[in-house]
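Please open the model in your viewer and keep the selection tool at hand, since this tour goes from one selection to the next and says what is to be found at each stop.

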Amino acid sequence: MKKNRLFMRTSILTVLAASVILTVYANLTKGERPQLKVGDVAPDFILTDLNGNKHRLSDYEGQGVLVNFWATYCKYCEKEMSLLEKQYQDQKDQGVQILAVNIGETDLVINRFLEKHELTFPVLNDRKQEVVDAFGVNPLPVTFLINKHGFIAGIHTGEITDEKMAAEMIEKIKP
Amino acid sequence: MERIKCGCGHVNPHGTLLCEACGRSLTGTGAPELLDMRYEGSARRSQTYNKTFIDKVWNFFSSVKVGIWLIVITLIASGIGTIFPQKMYIPQFVPASEFYEQKYGWPGKLYYILGFHELYSQWWYMILIALIGVSLVVCSLDRAVPLFRALKAQRVDRHESFMKGQRIFGITKGENFDEAVKAVKRNLKKKRYRIREENHAILAEKGRFSRWGPYVNHIGLIIFLFGAMLRFFPGMYVDEVIDIKEGERKEIPGTDGEYYLENKQFILEVYDEKENEAFSEALKKTGDVAKNYQTDVVLYKRKGERVPGAEAGLIKEKEYSIQVNNPLKFDQYAIYQMDFKTVLSAMNFVLVEKETNEPLGEINISLDNPKMRYNLGNGYTVEILKYYPDFDLDDEGLPVTLSRDPNNPAFVFEMYTPDKPEGEISLVAIQQTVEPVGENKYKMQFAGIETKTVSILALRKDLTLWIFALGGLIFLIGLSLGSYWNHRRIWIQQRGPDIWLAAHTNKNWYGLKRELQTVLAGTGINEPEDRNEKKGK
Amino acid sequence: MAELSSNLLMIAFILYLSAIPFFGGAIRQKNISKTEKPLKIWATVAIFLTMTGFAAHLGYFITRWLAAGHAPVSNLFEFITFFGLCTVGAFILIHFLYRTPVLGLAVLPVVLIIIAYAGMFSRDISPLIPPLQTYWLQIHVITVALGQAILAISFAAALIFLVKKVDQTRRNKSNVWLEVVLFLMLSVVGFIVVSVLFNAFHYSAVFQWTNQFGAEESVEYGMPPLIGPNEGQLVKGQFEPFLEAPAIIDAKKLNTVIWSLSTGIILYILTRFIFRKRIGAALKPLTGNINEDLADEISYRSVLIGFPVFTLGALVFGMIWAQIAWSRFWGWDPKEVWALITWLFYAAFLHLRLSKGWHGERSAWLAVIGFAIIMFNLVAVNLVIKGLHSYAGA
């Protein structure tokens with residue numbers, strides 16, 4: 001009888017305490033969208049570059065892919081473009097592809113930007129921001145390194161500051 | 001286990017104040033004062049066992065005093081939370097950290113620092129509500145069970161001290177009351193009392209179920225709180241904002257790319273004075289009053305695999321006009337009309353020769369997709385060298401755009417004309433023109449804007465709603481049971497030549513007394529006294 | 001139709017006013033029993049006048065509904081007059097349950113103040129903005145007003161209890177607080193008096209002032225400015241304000257509050273001067289033959305009857321409507337929070353009474369505080385805090 005009572009009270013209080021703790025915990029972690037992290041499968045996408053060619057991420061299986069999200073009005077994005085261009089020229093034949101995804105500005109703005117910077121790698125425009133959402137991009141710039149199996153090998157948020165850093169990134173995903 | 005055996009033979013749980021069966025006072029004092037009839041004098045378990053840590057915690061929450069304190073603290077905290085607006089209601093362009101101090105001074109700053117700007121999702125506020133929930137469970141269990149026992153075990157023949165201890169009590173002296181008692185019984189039956197009889201004693205009872213009202217409503221509240229808890233878990237509750245421009249079609253966020261929405265048009269109607277002349281005074285004073293906010297939409301369902309960025313195959317599901325108070329419902333989702341805003345969609349410019357003011361052709365620039373070059377004929381061409389959708393000057397005074405949204409569009413035009421074939425450059429922003437390389441002969445003159453409306457819709461999925469509805473319903477049922485019905489009992493005993501009558505109700509004594517008046521009328525049994533009234537005089 | 005409606009409201013007001021002396025007459029003499037004839041006539045006339053007033057008041061409501069095409073509960077004037085209507089309705093109901101003329105003596109003056117207060121707001125029939133265009137407007141607001149009206153009866157009964165019970169032989173905490181409650185009621189009268197007065201003279205003063213974000217704004221005062229706005233420049237009007245409020249405070253509202261309280265003080269002092277004792281003490285003889293247990297019970301029962309109605313109207317119907325119109329049933333809007341606070345308060349009231357045995361005077365004070373919370377929600381939350389429920393434009 002006495003034991004029974006203690007057992008009843010303990011179990012009721014435990015259930016109540018557990019629900020309270022769980023709820024408070026769920027509330028504290030709520031609103032955080034699941035972020036992509038190293039080791040995750042990169043979300044597939046199909047985007048058209050400014051020359052009208054379609055690029056599908058999964059088509060590059062077997063190669064490493066550097067996906068750089070950028071905008072013309074982002075100063076750091078602008079600075080790192082020349083570094084990316086240099087890597088692109090060096091690595092073109094070594095199985096590493098560079099895709100620069102603009103976050104959905106107008107073609108005119110992007111084209112004028114490209115004229116100024118003479119970039120040769122594919123620049124894609126994510127007009128509907130679906131890819132930006134899928135990768136959870138915020139803030140700019142952010143660079144995803146995707147290995148030949150389609151897994152994320154690295155994420156770099158912020159500017160690529162020098163050539164060495166850019167080369168190391170490429171090295172990471174060389175097939 | 002220590003149990004108390006009453007003189008009548010009934011064995012009561014430890015801590016009982018009044019014998020469950022006969023109502024004799026077990027505390028030993030036996031004073032002729034009024035008996036405390038709350039919970040029938042039954043043993044509240046908590047007060048009697050107080051040994052282990054668990055017992056102590058249990059006893060803490062079992063106290064109504066603690067429950068009331070929790071309610072009062074929640075009440076005060078909630079009130080403080082309304083002194084200044086919550087974060088969700090402040091303008092979005094000012095960061096909360098600055099807003100409160102700027103607008104309300106140091107009290108505002110304090111408010112922000114203490115977290116009252118997001119009070120209702122503060123962990124301690126949630127714990128407060130949760131503790132009320134715990135208190136509800138423990139208090140109810142601790143009282144409902146013994147009360148149930150006591151009401152079940154009650155005997156018809158109550159002890160003398162119990163009768164004397166009732167607020168309404170009276171003795172009618174006399175000889176033979178058999179007829180009178182019969183008449184009273186008849187009257188009681190008419191009033192829908194259930195009557196039990198045992199050796200010259202009568203117990204008439206009605207409305208016992210109303211005693212369960214509080215416990216029923218507490219169950220409702222617990223279910224309600226359970227619903228509130230569930231809502232924090234992923235998948236149960238989705239809340240997204242959809243900004244969708246007229247003519248636009250986009251994936252509905254929060255549906256995993258399952259659904260697409262197209263905004264065919266947004267309609268804003270205002271009241272017309274002619275519609276109802278009763279409104280004319282009010283409309284004269286306040287100006288336009290909105291009559292309808294409506295977004296005509298088409299809902300599509302995606303067909304096939306989802307690949308971000310790709311054109312999805314879509315099947316049209318339905319067309320609908322979303323209005324305030326009239327959401328679009330599909331699957332487990334509902335889309336509500338929340339707000340709207342107007343954005344620039346296109347700008348018109350006329351190429352003009354400055355001196356003669358002669359117009360040489362007009363261009364219309366779509367702000368979402370401007371062309372590089374506009375041919376005006378007769379050898380006039382305009383090229384857009386630069387487009388700044390959200391124009392501003394940077395630290396060095398150079399033109400930049402702050403975002404990709406056309407909030408403040410500006411253009412750098414190059415104007416090719418037959419007499420200036422090498423082109424003239426000018427920067428045109430809203431209400432300003434800059435000619436960076438010398439005086440031009442021609443200019444791009446602003447000739448109007450086109451706007452589009454962006455509907456602001458909300459997408460909700462709430463799988464917990466039915467739990468709230470159920471909890472609310474049970475709460476209301478319990479509350480009505482407890483508030484609109486009374487538990488009334490009348491004890492009548494023939495003691496020798498006399499009639500003893502006592503009565504008890506959990507509330508509405510006035511009603512009970514009036515009922516006794518009609519029940520006893522003409523039977524020869526005296527109306528009992530209300531001993532509270534006597535005391536008051 | 002709209003004019004007929006206004007006239008009916010006026011008639012109701014006059015009838016309520018004329019019922020008060022009869023209620024007074026009904027309790028005038030000592031040691032009466034209910035069966036005594038002449039006094040019964042006073043009470044009958046009083047309740048007859050009240051019911052006729054109620055009919056006229058109802059007539060106002062119906063004709064205004066017909067004129068507007070929607071239930072006249074969509075702005076502050078309409079809601080408050082409807083609240084007054086419900087209070088009289090609840091009083092008539094309770095009167096036939098308990099037959100206590102003294103309750104009328106407490107309720108009707110409160111109702112008169114309520115109706116007069118409503119008249120201070122714009123009386124125009126305004127069209128419904130989109131969120132209000134649903135039958136939930138009627139259902140929600142009417143149930144809320146009904147619930148609050150029954151709780152108002154609890155306040156009136158508690159007031160009677162307190163006037164009767166509180167010891168007036170010498171100054172003590174209870175009778176001082178009772179004076180505070182009565183003073184606050186006089187201040188509402190004060191507000192009405194000054195508003196009507198300055199309105200009659202078309203008083204207006206306009207200021208140019210600087211708000212806390214440094215922007216220039218203009219504000220129009222309807223009462224002479226005792227307190228001016230931050231860095232205010234008088235553009236129109238005669239009096240320069242004595243003091244200047246900081247930018248974070250709404251100077252116009254503060255000015256109104258100060259006028260109302262000052263008038264309240266003057267009225268209070270006048271009353272004290274006439275009776276030469278505390279108002280509570282002056283009122284006490286009126287409650288001479290009321291049974292205080294009965295007052296306590298009426299107060300408690302009104303809470304018991306009103307609390308479920310309030311829960312249903314304010315919380316349950318409110319939640320259902322909010323879910324339909326605003327996509328969430330609860331949004332922590334100030335008015336919602338204050339409805340929750342009211343609900344929590346009365347829940348605490350019932351627990352204190354049922355489990356802690358708070359009867360009599362303590363219970364009466366709680367009923368007074370509960371009504372104060374309702375009034376705060378009706379007045380302050382609409383005018384000062386402002387949220388989604390603030391009857392935009394009214």
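How many salt bridges does the rule find across the interface of chain B and chain A? Bear in mind, as you look, that this is a predicted model. The rule finds five salt bridges across the interface of chain B and chain A, and a good one to select is the pair B:Asp394 and A:Lys75, whose side chains meet with 3.6 Å from N to O.

**Chain B against chain A**

Now widen the selection to the elements of chain B that give two or more residues to the side touching chain A, which are α1 (45–48), α2 (53–62), α5 (123–153), β15 (380–388) and β17 (399–401). Colour α5(B) separately, for this helix gives the most to that side of chain B, with nine residues. If you colour the residues on this side of chain B by class, you will find 28 nonpolar, eight polar and 14 charged.

Next, select both sides of the contact, which takes 50 residues from chain B and 40 residues from chain A. The area buried between chain B and chain A is about 3800 Å², and carbon and sulfur atoms give 66% of that area. Nine residue pairs, with both residues at pLDDT 80 or more, are in polar contact between chain B and chain A.

**Chain A by itself**

Hide the other chains for a moment and select the two parts into which chain A is divided, namely domain 1 (1–32) and domain 2 (46–173). The centres of these two domains of chain A, taken over C-alpha atoms, are separated by 49 Å.

Bring chain C back and look for a contact between chain A and chain C: none joins them, and their closest C-alpha atoms lie 16 Å apart.

**Chain B against chain C**

Which chains share the most contacts, of the two pairs of chains in contact? The answer is chains B and C, so labelled in your viewer, and the next selection is therefore their interface, where the contact takes 63 residues from chain B and 64 residues from chain C. The area buried between chain B and chain C is about 5200 Å², of which 65% comes from carbon and sulfur atoms. Pick out B:Thr82, B:Asn325 and B:Tyr510, which together supply 13% of the area that chain B buries against chain C, more than any other three residues.

A search for salt bridges across the interface of chain B and chain C returns zero, while 14 residue pairs, both at pLDDT 80 or more, are in polar contact there. To see where the largest share of this side of chain B comes from, select helix α3 (residues 64–80) of chain B, which gives eight residues. By class, the side of chain B that touches chain C holds 33 nonpolar, 17 polar and 13 charged residues.

**Strands within chain B**

Stay with chain B and show its strands as ribbons. Six of them form an open sheet with antiparallel pairing, in the order β4-β5-β22-β23-β3-β24. The edge strands, each of which pairs on one side only, are β4 (194–198) and β24 (529–530) of chain B. At the β24(B) edge, two bridges join this strand to the antiparallel strand β3 (residues 168–172) of chain B, and the bridge partner of B:Phe169 is B:Glu529 in β24(B).

Then move to strand β12 (residues 333–353) of chain B and strand β13 (residues 358–366) of chain B, which run antiparallel and are joined by seven bridges. Select B:Asn348 and you will find B:Asn364 of β13(B) standing opposite. The hairpin of β12(B) and β13(B) has four residues between the strands, and B:Asn357 in this hairpin takes a positive phi near 60 degrees.

**The two domains of chain C**

The last stop is chain C, which is divided into domain 1 (2–168 + 288–330) and domain 2 (169–276). Their C-alpha centres lie 28 Å apart, and the contact between them takes 12 residues from domain 1 of chain C and 14 residues from domain 2 of chain C. The two domains of chain C bury about 1200 Å² between them, with 78% of it on carbon and sulfur atoms.

How many salt bridges are counted between domain 1 of chain C and domain 2 of chain C? The count is zero, although four residue pairs, both at pLDDT 80 or more, are in polar contact between these domains. On the domain 1 side, select α4 (101–118) and α5 (135–165) of chain C, the elements that give two or more residues to the side touching domain 2 of chain C. The residues of that side of domain 1 of chain C divide into 10 nonpolar, one polar and one charged.

Conventions
Residues are numbered from 1 along each chain as its sequence is written. Chains are lettered from A and ligands numbered from 1 in the order in which they are written. This is a predicted model: local features need pLDDT of at least 70, side-chain atom pairs count only at pLDDT 80 or more; totals for chains, interfaces and linings use all residues. Side-chain values use heavy atoms; hydrogens and water are left out. Two strands pair if DSSP finds at least two bridges between them. Domain bounds come from an automatic or database domain assignment. Contact means heavy atoms within 4.5 Å. Buried area is the accessible area (1.4 Å probe) that two parts lose on being put together, summed over both. A salt bridge is a side-chain nitrogen of Lys or Arg within 4 Å of a carboxyl oxygen of Asp or Glu. A polar contact is a pair of N or O atoms within 3.5 Å; within protein, one must be able to donate a hydrogen and the other to accept it, and residues adjacent in sequence count only if both atoms are side-chain atoms. Ala, Val, Leu, Ile, Met, Phe, Trp, Tyr, Cys and Pro count as nonpolar, Asp, Glu, Lys and Arg as charged, and the others, Gly among them, as polar.
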